[in-house]
Amino acid sequence: MKPNLKPLRDQVIVITGAGSGIGAATARMAASRGARVVLAGRQEEALQQVAQEIGQDGGTAICVAADVGVQDDHERILAQAVERFGRVDTWVNNAGVSIYGTLEEVPIEDQRKLFETDYWGVVYGSLTAVRHMKSSGGAIINVGSEVSDRAVPLQGAYSAAKHAVKGYTDALRMELRQQGAPISVTLIKPASISTGFTVHARNYMDAQPDLPPPVYAPEMVAEAILHAACHPVRDLYVGSASRAIGALGQNMPGLADRMAGWLFRRQRGPARTQQGTDSLYEAGGEHPAVQRTGRRHSVYTHVAMHQRATLLTTVALAGGAALWLARGRR
């Protein structure tokens, strides 16, 4: 059965990791377009701040303090969404955290904790959403990364978790399609995004974490997520850099390996002068990190989200040009 997704103004949307970054940007944008939003995350104060901003702008949102690495917390998110709004139409698994450092340096317990959030959080959220949507239908949107297709050094555990998210998402999509379930399953693969990503990451380097350029604004990812909430789509790359890195890793892996030196340099900022906290085990946290403004537009992503309109425009322009040339020859 083909998923029949509702317009945003008629949707109830769950967003994990909604207290900051991509999650907060998606929540604000969804609410501004009429969706009722369920904000989930570990830091209740940050969630309340986002909900207050949404309310001041005339939107509707509720907050659920939850840890996506705890399976029962997803059932609680769903229960509160259903109690308040009656259903969930789209479930966005967005929460995530990273670790900077070589795989030899990063303790195994830290890598396990990262997987609890970045991988198992997606699994728990997806299964909760599937059970709820099996009869009514809806969209499950998992936020992966450009490193879902191509691993990078100094974020090895994060790369591995995002590879796992891609594999899980692809398998879930195929299984639901075989069952005829009316559920759309989308993987979003952003490039470097200007959020608190590096601030929240645990850092084992002797330098401040940085993001390889180009860096894009979180609103671009929000646009892609909300497009997938209304249009069944397999996956979406956010930023041409993400698509290029994925293509390079898949088609020329040896060349991609030789880029490791550049990636080492571009993920290391100025020397770290003080020790800070992070969000790996507890909500919040901060430490020195390089902050960058993000690009707010990508021609590639715009075309990917509007392929039909782009094709029609191209055909119309080509037809107009042919007519003009034909008239010119008379």
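Colleague: Where does Ser98 lie in this model?

Modeller: Ser98 sits in the loop between β4 (90–93) and β5 (99–100). Do keep in mind that this is a predicted model.

Colleague: Why is Ser98 called buried?

Modeller: Buried means under 20% relative accessible area. Ser98 has 0% relative accessibility, so Ser98 counts as buried. Its contacts include Leu114, Tyr158, Phe197 and Ala201.

Colleague: What makes the pair Ser98 and Gln155 a polar contact?

Modeller: The cut-off for such a pair of N or O atoms is within 3.5 Å. The side chains of Ser98 and Gln155 are joined at 2.6 Å, so the pair fits that limit.

Colleague: Let's turn to Ala222. How do you know that Ala222 is buried?

Modeller: The relative accessible area of Ala222 is 0%, and the limit for buried is under 20%, so the word applies. Ala222 belongs to helix α8 (residues 218–230). Leaving aside neighbours within four places in sequence, Ala222 is in contact with Ala25, Thr26 and Met29. The C-alpha atoms of Ala222 and Ile22 are separated by 6.4 Å, although their places lie 200 residues apart along the chain.

Colleague: Why is Arg234 called partly exposed?

Modeller: Buried is under 20% and exposed is over 50%, with partly exposed in between. Arg234 has a relative accessible area of 44%, so Arg234 is partly exposed. You will find Arg234 in the loop between α8 and β12 (235–238). Among the residues in contact with Arg234 are Asp170, Arg173 and Val185.

Colleague: What makes Lys6 and Asp89 a salt bridge?

Modeller: A side-chain nitrogen of Lys or Arg must be within 4 Å of a carboxyl oxygen of Asp or Glu. For Lys6 and Asp89, the N to O value is 2.9 Å, so the pair qualifies. Lys6 lies in the segment before β1 (12–16) and Asp89 in the loop between α3 (71–85) and β4, so the pair ties together parts that are 83 residues apart in sequence.

Colleague: Are Lys6 and Asp89 buried or partly exposed?

Modeller: One of each! Lys6 is partly exposed at a relative accessible area of 32%, whereas Asp89 is buried at 7%.

Colleague: How do you know that Arg150 and Asp257 form a salt bridge?

Modeller: Their side chains meet at 2.4 Å, N to O, and the limit is within 4 Å, so the name fits. This pair links distant parts of the chain, with Arg150 in the loop between β6 (138–143) and α6 (156–179) and Asp257 in helix α10 (residues 253–258), 107 residues apart. Arg150 is buried, with a relative accessible area of 18%, while Asp257 is partly exposed at 46%.

Colleague: And what makes Lys166 and Asp170 a salt bridge?

Modeller: Their N to O value is 3.1 Å, and the cut-off is within 4 Å, so the pair counts. Both residues lie in helix α6, 4 residues apart, about one turn of the helix. Lys166 and Asp170 also take part in a network of salt bridges, whose other members include Arg173, Arg234 and Asp235.

Colleague: One last topic, the strands. What makes β2 and β3 a pair?

Modeller: Two strands pair if there are at least two bridges between them. Strand β2 (residues 36–41) and strand β3 (residues 60–65) are joined by 6 bridges, so they pair, and they run parallel. Ala40 stands opposite Val64 in β3. Together with helix α2 (residues 44–56), β2 and β3 make a right-handed β-α-β unit.

Note on methods
Residues are numbered from 1 along each chain as its sequence is written. This is a predicted model: local features need pLDDT of at least 70, side-chain atom pairs count only at pLDDT 80 or more; totals for chains, interfaces and linings use all residues. Side-chain values use heavy atoms; hydrogens and water are left out. Helices (H or I, at least four residues) and strands (E, at least two) are DSSP runs, numbered from the N terminus. A crossover is right-handed if, with the strands pointing away from the viewer, the path from the first strand over the helix to the second runs clockwise. Buried means under 20% relative accessible area, exposed over 50%, partly exposed in between (1.4 Å probe, protein chains only). A polar contact is a pair of N or O atoms within 3.5 Å; within protein, one must be able to donate a hydrogen and the other to accept it, and residues adjacent in sequence count only if both atoms are side-chain atoms. Contact means heavy atoms within 4.5 Å.
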